[in-house]
Amino acid sequence: MDPKIQKISEVMRKAELLIQKELEKSPENAILVASGLLAATRNLYVQALGIEGAVRMFEAVADSFVITEEFMEQFKPTIH
């Protein structure tokens with residue numbers, strides 16, 4: 001496996017364990033946990049890419065949500 005993909009996978013697993021631990025105590029705090037992770041992610045992108053690079057990264061992520069949603073719309077079952 002590509003070392004970069006392996007690192008991403010490893011960090012995702014660790015983050016998901018942290019999320020599960022946080023939500024185990026208070027599942028109603030899901031949005032607060034997500035907000036904390038998003039803020040930490042933003043800070044990392046700003047540190048690594050600068051403000052403009054971070055903005056471009058978040059724009060690309062937002063675009064991917066739209067693209068994924070449009071793609072999924074094509075496969076929704078219909079009742080005839």
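Visitor: How many aromatic pairs does the structure hold?
Guide: The structure, a predicted model, holds one aromatic pair.

Visitor: How do I read such a pair?
Guide: Two things describe a pair of aromatic rings: the distance of the centres and the angle of the planes. Here the rings belong to Y45 and F58. Their centres are 5.9 Å apart. Their planes stand at 85°. An angle over 60 degrees counts as edge-to-face, so this pair is edge-to-face.

Visitor: Is Y45 buried or exposed?
Guide: Neither word fits. Buried means under 20% relative accessible area, and exposed means over 50%. Y45 has 28%, so Y45 is partly exposed. The ring partner, F58, also has a relative accessible area of 28%. F58 is therefore partly exposed too.

Visitor: Which helices and strands does the chain have?
Guide: The protein chain has two helices and zero strands. The helices α1 and α2 span 3-25 and 30-73.

Visitor: Let me try some residues. Where is E22?
Guide: Look in helix α1 for E22. Its relative accessible area is 33%, so E22 is partly exposed.

Visitor: And what about V66 and Q47?
Guide: Both V66 and Q47 sit in helix α2. V66 is partly exposed, at 46%. Q47 is exposed, because its relative accessible area of 67% is over the 50% cut-off.

Visitor: How do I read distance along the chain against distance in space?
Guide: Take two residues. Count the steps along the chain, then look at the C-alpha separation. E22 and V33 are eleven residues apart along the chain, and their C-alpha atoms are separated by 7.5 Å. Now try V66 and T41. They are 25 residues apart, with C-alpha atoms 20 Å from each other. For Q47 and E73 the count is 26 residues, and the C-alpha separation is 36 Å.

Visitor: How much space lies in the largest pocket?
Guide: The largest pocket holds about 720 Å³ of space. There are 20 lining residues. Closest to the centre of the pocket are A15, L37, L38, T41 and Y45. You have met Y45 already, in the aromatic pair with F58.

Visitor: Which elements give two or more residues to that lining?
Guide: Helices α1 and α2 do. The largest share comes from α2, with 13 residues.

Visitor: How do the lining residues divide by type?
Guide: Sort them into nonpolar, polar and charged. The lining has 18 nonpolar residues, one polar and one charged.

Visitor: Step back to the whole chain. What is its radius of gyration?
Guide: The protein chain has a radius of gyration of 16 Å. Compare that with a compact globule of 80 residues, which would be near 12 Å. For the overall extent, use the box along the principal axes. The C-alpha atoms fill roughly 50 × 35 × 30 Å.

Visitor: How many of the residues count as buried?
Guide: Of the 80 residues in the protein chain, 5% count as buried.

Visitor: What does the exposed surface consist of?
Guide: The chain exposes about 7,200 Å². Carbon and sulfur atoms supply 65% of that area.

Visitor: What should I look at again in the view above?
Guide: Start at Y45. This residue pairs edge-to-face with F58 and is among those closest to the centre of the largest pocket. Then follow α2, which gives 13 residues to the pocket lining.

Key
Residues are numbered from 1 along each chain as its sequence is written. This is a predicted model: local features need pLDDT of at least 70, side-chain atom pairs count only at pLDDT 80 or more; totals for chains, interfaces and linings use all residues. Side-chain values use heavy atoms; hydrogens and water are left out. On a 1 Å grid over the protein atoms alone, a cavity is a set of points where a 1.4 Å probe fits but cannot get out, and a pocket is an open set with protein on both sides within 12 Å along at least five of seven lines; lining residues have an atom within 4 Å of a point. Grid points are joined across faces, edges and corners, and a volume is the space filled by probe spheres set on the points. Helices (H or I, at least four residues) and strands (E, at least two) are DSSP runs, numbered from the N terminus. Ala, Val, Leu, Ile, Met, Phe, Trp, Tyr, Cys and Pro count as nonpolar, Asp, Glu, Lys and Arg as charged, and the others, Gly among them, as polar. Rings of Phe, Tyr and Trp (its six-membered ring) pair if their centres lie within 6.5 Å; planes under 30 degrees apart count as stacked, over 60 as edge-to-face and the rest as tilted. Buried means under 20% relative accessible area, exposed over 50%, partly exposed in between (1.4 Å probe, protein chains only). The radius of gyration is taken over C-alpha atoms; the globule rule is 2.2 Å times the number of residues to the power 0.38. Accessible areas come from the Shrake-Rupley method with a 1.4 Å probe; for residues, only the protein chains shown count as cover.
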